[in-house]
Amino acid sequence: MTARLVGVGVGPGAPDLLTLRAARVLREADVLALPRASAEVPSSAGAIVRAAVGEIPGQELLPLTFPMTRDPALRRAALDAALDAVGARLAAGKQVAVACEGDPLVYGSFID
(Lines give C-alpha, C1' and ligand atoms only; values in the text may rest on other atoms or scores of the structure.)
Protein backbone atom coordinates (compact mmCIF):
# COMPACT_ATOMS: atom_id res chain seq x y z
CA MET A 1 0.00 0.00 0.00
CA THR A 2 1.26 3.47 -0.86
CA ALA A 3 1.32 6.24 1.74
CA ARG A 4 -1.46 8.75 1.27
CA LEU A 5 -2.70 11.86 3.06
CA VAL A 6 -6.26 13.08 2.52
CA GLY A 7 -8.31 15.81 4.17
CA VAL A 8 -11.91 14.76 4.68
CA GLY A 9 -14.60 17.33 5.35
CA VAL A 10 -17.10 15.92 7.81
CA GLY A 11 -19.63 18.69 7.37
CA PRO A 12 -21.13 21.14 9.83
CA GLY A 13 -21.97 18.60 12.53
CA ALA A 14 -24.72 16.24 11.41
CA PRO A 15 -23.22 12.78 10.78
CA ASP A 16 -25.78 11.99 8.08
CA LEU A 17 -24.39 14.82 5.93
CA LEU A 18 -21.15 12.93 5.19
CA THR A 19 -20.82 11.95 1.57
CA LEU A 20 -20.53 8.28 0.69
CA ARG A 21 -16.97 8.88 -0.49
CA ALA A 22 -16.02 10.62 2.77
CA ALA A 23 -17.39 7.70 4.78
CA ARG A 24 -15.47 5.21 2.63
CA VAL A 25 -12.18 7.12 2.94
CA LEU A 26 -12.62 7.41 6.71
CA ARG A 27 -13.35 3.68 7.05
CA GLU A 28 -10.42 2.62 4.87
CA ALA A 29 -7.73 4.84 6.43
CA ASP A 30 -5.03 3.21 8.54
CA VAL A 31 -4.84 6.36 10.65
CA LEU A 32 -7.60 8.80 11.48
CA ALA A 33 -6.12 12.18 12.45
CA LEU A 34 -8.48 14.20 14.61
CA PRO A 35 -7.86 17.93 15.13
CA ARG A 36 -8.80 19.36 18.52
CA ALA A 37 -8.38 22.70 20.29
CA SER A 38 -6.58 21.31 23.34
CA ALA A 39 -5.57 18.03 24.97
CA GLU A 40 -8.48 18.45 27.41
CA VAL A 41 -11.15 18.76 24.70
CA PRO A 42 -12.23 15.90 22.43
CA SER A 43 -12.21 16.42 18.68
CA SER A 44 -15.55 17.66 17.33
CA ALA A 45 -14.68 16.14 13.95
CA GLY A 46 -13.94 12.84 15.71
CA ALA A 47 -17.39 12.80 17.30
CA ILE A 48 -19.00 13.35 13.90
CA VAL A 49 -16.91 10.56 12.34
CA ARG A 50 -17.70 8.07 15.10
CA ALA A 51 -21.42 8.79 14.84
CA ALA A 52 -21.29 8.33 11.06
CA VAL A 53 -19.00 5.32 10.61
CA GLY A 54 -18.49 3.89 14.11
CA GLU A 55 -15.29 2.41 15.50
CA ILE A 56 -12.99 0.84 12.92
CA PRO A 57 -11.05 -2.16 14.29
CA GLY A 58 -7.30 -1.69 13.94
CA GLN A 59 -7.55 1.95 12.92
CA GLU A 60 -5.18 4.26 14.78
CA LEU A 61 -6.74 7.43 16.21
CA LEU A 62 -4.23 10.28 16.13
CA PRO A 63 -5.26 13.41 18.03
CA LEU A 64 -3.71 16.60 16.62
CA THR A 65 -3.83 19.59 18.95
CA PHE A 66 -4.17 23.03 17.38
CA PRO A 67 -4.47 25.54 20.24
CA MET A 68 -6.79 28.48 19.73
CA THR A 69 -4.25 31.20 20.46
CA ARG A 70 -2.77 34.25 18.78
CA ASP A 71 0.70 33.31 20.06
CA PRO A 72 2.64 32.42 16.89
CA ALA A 73 5.23 30.38 18.79
CA LEU A 74 2.57 28.12 20.33
CA ARG A 75 0.79 27.76 17.01
CA ARG A 76 4.05 26.92 15.21
CA ALA A 77 5.01 24.33 17.84
CA ALA A 78 1.61 22.66 17.54
CA LEU A 79 1.82 22.62 13.76
CA ASP A 80 5.33 21.16 13.85
CA ALA A 81 4.18 18.42 16.26
CA ALA A 82 1.24 17.58 13.98
CA LEU A 83 3.46 17.49 10.91
CA ASP A 84 5.94 15.21 12.67
CA ALA A 85 3.19 12.84 13.83
CA VAL A 86 1.49 12.63 10.44
CA GLY A 87 4.84 12.51 8.61
CA ALA A 88 5.98 9.52 10.64
CA ARG A 89 2.87 7.58 9.65
CA LEU A 90 3.25 8.53 5.99
CA ALA A 91 6.92 7.49 6.09
CA ALA A 92 5.72 4.10 7.36
CA GLY A 93 3.48 3.76 4.28
CA LYS A 94 0.19 4.41 6.09
CA GLN A 95 -2.94 5.96 4.68
CA VAL A 96 -3.84 8.98 6.85
CA ALA A 97 -7.22 10.71 6.78
CA VAL A 98 -7.49 14.06 8.54
CA ALA A 99 -11.11 14.62 9.59
CA CYS A 100 -12.03 18.31 9.47
CA GLU A 101 -15.23 20.09 10.36
CA GLY A 102 -16.70 21.77 7.31
CA ASP A 103 -14.62 21.90 4.13
CA PRO A 104 -10.92 21.11 4.66
CA LEU A 105 -9.84 23.27 1.72
CA VAL A 106 -11.73 26.43 2.63
CA TYR A 107 -10.95 27.00 6.29
CA GLY A 108 -9.56 24.70 8.93
CA SER A 109 -6.66 22.84 10.39
CA PHE A 110 -5.98 20.81 7.23
CA ILE A 111 -4.72 23.78 5.23
CA ASP A 112 -2.64 25.38 8.00
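**Exercise 1. Find what covers the buried residues of helix α2, and which residues these are, in this predicted model.**

Solution.
Step 1. Look around the helix: the elements that cover its buried residues include α1 (20-28), β2 (31-36), β3 (60-65) and β4 (95-100).
Step 2. Go along α2, which spans residues 44-53, and pick out the buried positions: A45, G46, I48, V49, R50 and V53.
Step 3. Recall a rule of helix geometry: an α-helix has 3.6 residues a turn, so residues three or four places apart point the same way.
Step 4. Look just past the helix: α2 is followed by G54, which has a positive phi, near 75°.

**Exercise 2. Decide whether R50 is buried or exposed, and list what R50 touches.**

Solution.
Step 1. Place the residue: R50 belongs to helix α2.
Step 2. Apply the cut-off: buried means under 20% relative accessible area. R50 has 19% relative accessibility and therefore counts as buried.
Step 3. Leave aside neighbours within four places in sequence; R50 is then in contact with L32, E55, I56, Q59 and L61.
Step 4. Look for a polar contact: the side chains of R50 and Q59 make one, at 3.4 Å.

**Exercise 3. Describe the place of S43 and what its side chain reaches.**

Solution.
Step 1. Locate the residue: S43 sits in the loop between β2 and α2.
Step 2. Check burial: S43 has a relative accessible area of 10%, so it is buried.
Step 3. Turn to the start of α2, where a side-chain oxygen of S43 comes to within 3.4 Å of the backbone nitrogen of A45.
Step 4. Continue to G46: the side chain of S43 reaches its backbone nitrogen at 3.0 Å.
Step 5. Add the contacts, not counting residues up to four places away in sequence: S43 touches L34, P35 and R36.

**Exercise 4. Work out the strand order of the sheet and name its edge strands.**

Solution.
Step 1. Read the order: four strands form an open sheet, β1-β4-β2-β3, and the pairing is parallel.
Step 2. Find the edges: β1 (4-9) and β3 each pair on one side only, which makes them the edge strands.
Step 3. Note the turn between neighbouring strands of this sheet, which is 25° on average with direction ignored.
Step 4. Take the pairs of β4: β1 and β4 pair in the parallel sense over six bridges, and β2 and β4 do so over three bridges.
Step 5. Name bridge partners of V98 in β4: they include G7 and A33. In addition, L32 stands opposite A97 in β4.

**Exercise 5. Determine how many residues of β4 are buried, and which way they point.**

Solution.
Step 1. Count: six of the six residues of β4 are buried, and the strand is mostly covered.
Step 2. Sort by direction: Q95, A97 and A99 point one way from β4, while V96, V98 and C100 point the other way.
Step 3. Look for a helix across the sheet: α3 (residues 72-91) lies across β1, β2, β3 and β4, and runs at about 160° to β3.

**Exercise 6. State the confidence of the prediction for the protein chain.**

Solution.
Step 1. Start with the whole: the mean pLDDT of the protein chain is 92, and 94% of its residues reach 70 or more.
Step 2. Go to the parts: confidence is lowest in β1, at a mean of 94, and highest in β3, at 97.

Note on methods. Residues numbered from 1 in each chain as written. Predicted model: local features only at pLDDT ≥ 70, side-chain atom pairs only at ≥ 80, totals over all residues. Heavy atoms only, no water. Buried < 20%, exposed > 50% of the residue type's maximum accessible area, 1.4 Å probe, protein only. Helix = DSSP H or I, 4+ residues; strand = E, 2+ residues; numbered from the N terminus. Contact = heavy atoms within 4.5 Å. Polar contact = N/O pair within 3.5 Å; in protein donor to acceptor, adjacent residues only side chain to side chain. Pairing = 2+ DSSP bridges. Axes fitted to C-alpha atoms, helices over the stretch in contact; angles between N-to-C directions. pLDDT = per-residue confidence, 0-100.
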